[in-house]
Amino acid sequence: LARILHRLLPREREVAGLLALLLLIDARRGARVDADGAQVLLDEQDRALWDADAIAEGRRLVVPALTGPGVGPYAVQAAIAALHDEAPDLAATDWPQIVALYDVLLRLTPSPLVALNRAMAVAMVDGPAAGLALLDALADAPELRGYHLLPAARAELLTRLDRTDEAAEAYAAALALVTNESERAQLRRRLSALA
């Protein structure tokens, strides 16, 4: 549908951004779950399984989507996805640029979910304590109440800080909230790795 829309509206930058975003996210589909159907997080994915053609097509669309005044949220999200997809591994990802793009996205579409993702990117730039402080500031956001990814993100950063007891509590909180079986399996695996 996004391809059809782009053919019909080739000069609409947000349409190009939407198509780019869909291509760049879908390019990782082959590496998102393991043989048992459990979710595989970005840092553990085999990037050789990513669709290089979809990534190249998505990256070609990002540039015109970002060019000119009045950039839209799809274009910014596509630029973030492109930075993830072009990096050979997690450490080589341009995290400062991703934080800057999340800053733009927060101005365009302010939401606690965008702030949560930004906090995780900040943790990659400034360390897990900086990211954790940002996550803790989101604890009372009504939109994130009952959302399993907030305690899961906290657990990840607490693990990096070697605060394993607190990390285990956060993983348990995330497990109590998650409804997707694939994500539940991934959270259980992370929790058991703490032991």
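Contact here means heavy atoms within 4.5 Å, and helices are DSSP runs (H or I, at least four residues) numbered from the N terminus. The structure is a predicted model, in which local features need pLDDT of at least 70 and side-chain atom pairs count only at pLDDT 80 or more, while totals for chains, interfaces and linings use all residues. Residues are numbered from 1 along each chain as its sequence is written, and side-chain values use heavy atoms, with hydrogens and water left out.

Helix H2 is a convenient place to begin. Its 14 residues should span 20 Å at 1.5 Å a residue, and the end C-alpha atoms are 20 Å apart, which agrees; the expected span is 1.5 Å times one less than the number of residues in the helix. The buried residues of H2 (buried means under 20% relative accessible area, exposed over 50%, partly exposed in between, with a 1.4 Å probe and protein chains only) are Val 15, Ala 16, Gly 17, Leu 19, Ala 20, Leu 21, Leu 23 and Leu 24. These buried residues pack against helix H1 (2–8), H3 and H4.

Leu 24 also belongs to the largest nonpolar core, where, of 33 residues, Leu 24, Val 62, Ile 80, Ile 98 and Tyr 102 touch the most other members. A nonpolar core is a set of buried Ala, Val, Leu, Ile, Met, Phe, Trp, Tyr and Cys residues joined through side-chain atoms within 4.5 Å. Two or more residues of this core come from each of H2, helix H3 (52–66), H4, H5 and H6, and the largest share, eight residues, is that of H4. Tyr 102, with neighbours within four places in sequence left aside, is in contact with Ile 80, Val 114, Asn 117, Arg 118 and Ala 121. Apart from this core lies another, of 23 residues, among them Ala 119, Ala 141, Leu 144 and Val 178.

Tyr 102 leads on to the largest pocket, since it is, with Leu 41, Leu 42, Asn 117 and Leu 149, one of the residues nearest the centre among the 37 that line this pocket. A pocket is defined on a 1 Å grid over the protein atoms alone, as an open set of points where a 1.4 Å probe fits, with protein on both sides within 12 Å along at least five of seven lines, and its lining residues have an atom within 4 Å of a point. The space in the largest pocket is about 1,300 Å³, a volume being the space filled by probe spheres set on the points, which are joined across faces, edges and corners. H6 gives the most to the lining, with seven residues.

Helix H8 holds Pro 151, which counts as buried because its relative accessibility is 12%. Not counting residues up to four places away in sequence, Pro 151 touches Ala 170, Ala 173, Ala 174 and Leu 177. In the loop between H8 and helix H9 (164–177) lies Asp 162, whose phi is near 60 degrees, a positive value in a residue other than glycine; at 66% relative accessibility, Asp 162 counts as exposed.

Two further loops complete the path. Val 71, in the loop between H3 and H4, counts as partly exposed at 24% relative accessibility. Pro 88, in the loop between H4 and H5, counts as exposed at 63% relative accessibility, and its C-alpha atom is separated by 7.4 Å from that of Arg 47, 41 residues apart along the chain.
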